[in-house]
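Hi,

Here is the structure I promised to pass on. Have a look at it first, and my notes on what turned up follow below.

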Amino acid sequence: MTKYVKYVDVTKCDGCRACMVACKNWNDLPAEPTEFLGSVQSHVKTTADTWNVLQYIEHENGKGDLEYLFRHSSCFHCTDAACEKVCPENAISYTKYGSVVIDQDKCVGCGYCVQNCPFEVISLKEYKDKNGKEYRKAHKCTMCTDRIDEGLQPACVTTCHTGAMEFGNREVMIQKAEKRVKEIQGRYPNAMVYNPEGVGGTHTVYVLAEKPSVYGLPENPKVPTSAVAWKDYAQPIGKMMLGATTMALVGAFVTNKLFNKEGKGLDENGGGSDE
Amino acid sequence: MIKSVVSKEYQDLQEEIVELQKQWKLDLDPEAVRPSLEDQEALNAGVPIAALTVIDFKNSLFLQWIEELIVTLERYNPELETKLAGIIGLLDKETAIRWMDEARSFNQSYFASFASTHGIEEWIPQFLAETTLRPYLQLIAERVQGEIHHAVLGAGCPVCAEPERLAVLEEEGKKVIHCPRCLAHWSAKRLECAHCGNEDHKTIKFLTIEGDAVSQIQVCEQCNGYIKIIDTRQYIEKPSAALLDLNSIHLDFVAQENGYTATREEKLLN
């Protein structure tokens, strides 16, 4: 199956925020009134109801000039996703296109994914059921997997009027990004392709005008060792242990029954249960 | 591909036929069609370019294509084997040329009478003729594409006269009408009826299907014409006009059930 990549060239973005609106519109997400942040930026970061946020960064470049930098920020859809690794319910999975999605029916709202995402894009939303009991679910960008299923590009890409975002075959998009960096290095000497290897590469690939840290991004994000330890070692071993315990219980039950059948220590009301 | 009302099997068959036609077109010598754009008067009156084109039909190719087409059809529907048997035998050189000519002028009654004379199902002769004519039409369209900038109102496709019923939105919202038959395409105004030229925004309306983010039907209250408009900017891969037309067939049903047609309708004035 073709792996797709959302290619974001931040140097072409004019900060119109149509991607944010398109996302809310397609995914039926409610508006979130926010406090004034001292800049044009509407939200501090992505939330459970705002899956992409346009960052506005005032940056002083090497020459002492002010650069106004924009970045469409949303889920990176990592190839080795920490959220997928830490999820104890296997609610997070990879699709055949390379996107990372959360199964809302399986999510128990534990928040491990929120804590472990190197890019801080996942958030929990609180709900109340009809009995007033509170519960939580994790939410983030799905890369519009429901649209990809129908052969359509993600809503944010479709709406981008400057061509800052494109969607397509992974290899083609990465080549495009590399070519673009060469073109803009005269104006942005620190320009780079952001497709971090520490998470196996991502399915949202950026051309950044400045170093990742300028955008508040980790220079070299990694899947936390504890996450690897949890998913690849602790969970299987735990299951093995559970299997062993269950076997022991079954064994004990069978032995007990046999013991009882022989009529030793049998109560009238049916065995050793403490009713 | 967008979910379609057309069954997957039929979509696959059509996709294969479109692929065959592409291959067949490559078999043709580009000089096998010689379109003439000299008669401006005829062109302005809406005579399709295909009617002003000299075509050298190659009988051997025609028979080979019919054979390939029959094999494909039978693979998808083995029941057709008996219905399609013996058809090749009926196609001498003269009949073949006649088929191409009649398909070019869309002469349904000729094909209906051919079918009844030879005791075959009515759809078969016209379907075979139309399918094998298309590579020629597509080659004509390819050769004159550079010269096609607009269509004559109410005359349909300037190359093959197929009624205009499919437009796509391309980059920057440009509306381009595509002919699903010969694959010619030309630009059109966003707010203009392709059939009667009406530009009055009060009488041009749009019908949309709930949950369908890419298509709309533009209808004209003046001439009762409609055209499907598909926003192909949203597609990951752009499908060919023929498949786009097939997969949006539900829009034709909706438009026609609401009283619109893909051709111009002269309204009686008081």
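**Two domains in chain B**

In chain B, the centres of domain 1 and domain 2, taken over C-alpha atoms, are 26 Å apart. Keep in mind as you read on that this is a predicted model.

Where do the two domains begin and end? The domain assignment of chain B puts domain 1 at 8–147 and domain 2 at 166–257. They touch each other: domain 1 of chain B brings 10 residues to the contact, and domain 2 of chain B brings nine. On the domain 1 side, helix H1 (8–27) and helix H8 (123–144) of chain B each give at least two residues. H8(B) has the largest share of that side, with five residues. Sorted by class, the side of domain 1 of chain B that touches domain 2 of chain B holds four nonpolar, four polar and two charged residues.

**The sheet**

Next, have a look at the strands of chain B. Six of them make an open sheet with mixed pairing, and the order is E5-E4-E3-E8-E7-E6. Which strands stand at the edges? Those are strand E5 (185–188) and strand E6 (204–208) of chain B; each has a single partner strand, so one side of each has no neighbour in the sheet. From one strand to the next, the twist averages 30°.

If you want to zoom in on one pairing, try strand E3 (residues 166–169) and strand E4 (residues 175–178) of chain B: they run antiparallel and are joined by three bridges. One pair to pick out is Leu169(B), whose bridge partner in E4(B) is Lys175(B).

There is a helix to go with the sheet, too. Helix H10 (residues 249–257) of chain B lies across E6, strand E7 (215–220) and strand E8 (226–231) of chain B, and runs at about 30° to E7(B).

**Where the chains meet**

How many residues does each chain bring to the contact between A and B? Chain B puts in nine residues and chain A seven. The chain B side that touches chain A is made up of five nonpolar residues, one polar and three charged.

**Confidence**

As for the predictor's own scores, chain B has a mean pLDDT of 90, with 96% of its residues at 70 or more. The complex gets an ipTM of 0.75 and a pTM of 0.79.

That's it from me, and it's all yours now.

Cheers

Technical notes: Residues numbered from 1 in each chain as written. Chains lettered and ligands numbered in written order. Predicted model: local features only at pLDDT ≥ 70, side-chain atom pairs only at ≥ 80, totals over all residues. Contact = placed C-beta atoms within 7 Å. Nonpolar A, V, L, I, M, F, W, Y, C, P; charged D, E, K, R; others polar. Domains from an automatic or database assignment. Helix = DSSP H or I, 4+ residues; strand = E, 2+ residues; numbered from the N terminus. pLDDT = per-residue confidence, 0-100. Pairing = 2+ DSSP bridges. Axes fitted to C-alpha atoms, helices over the stretch in contact; angles between N-to-C directions.
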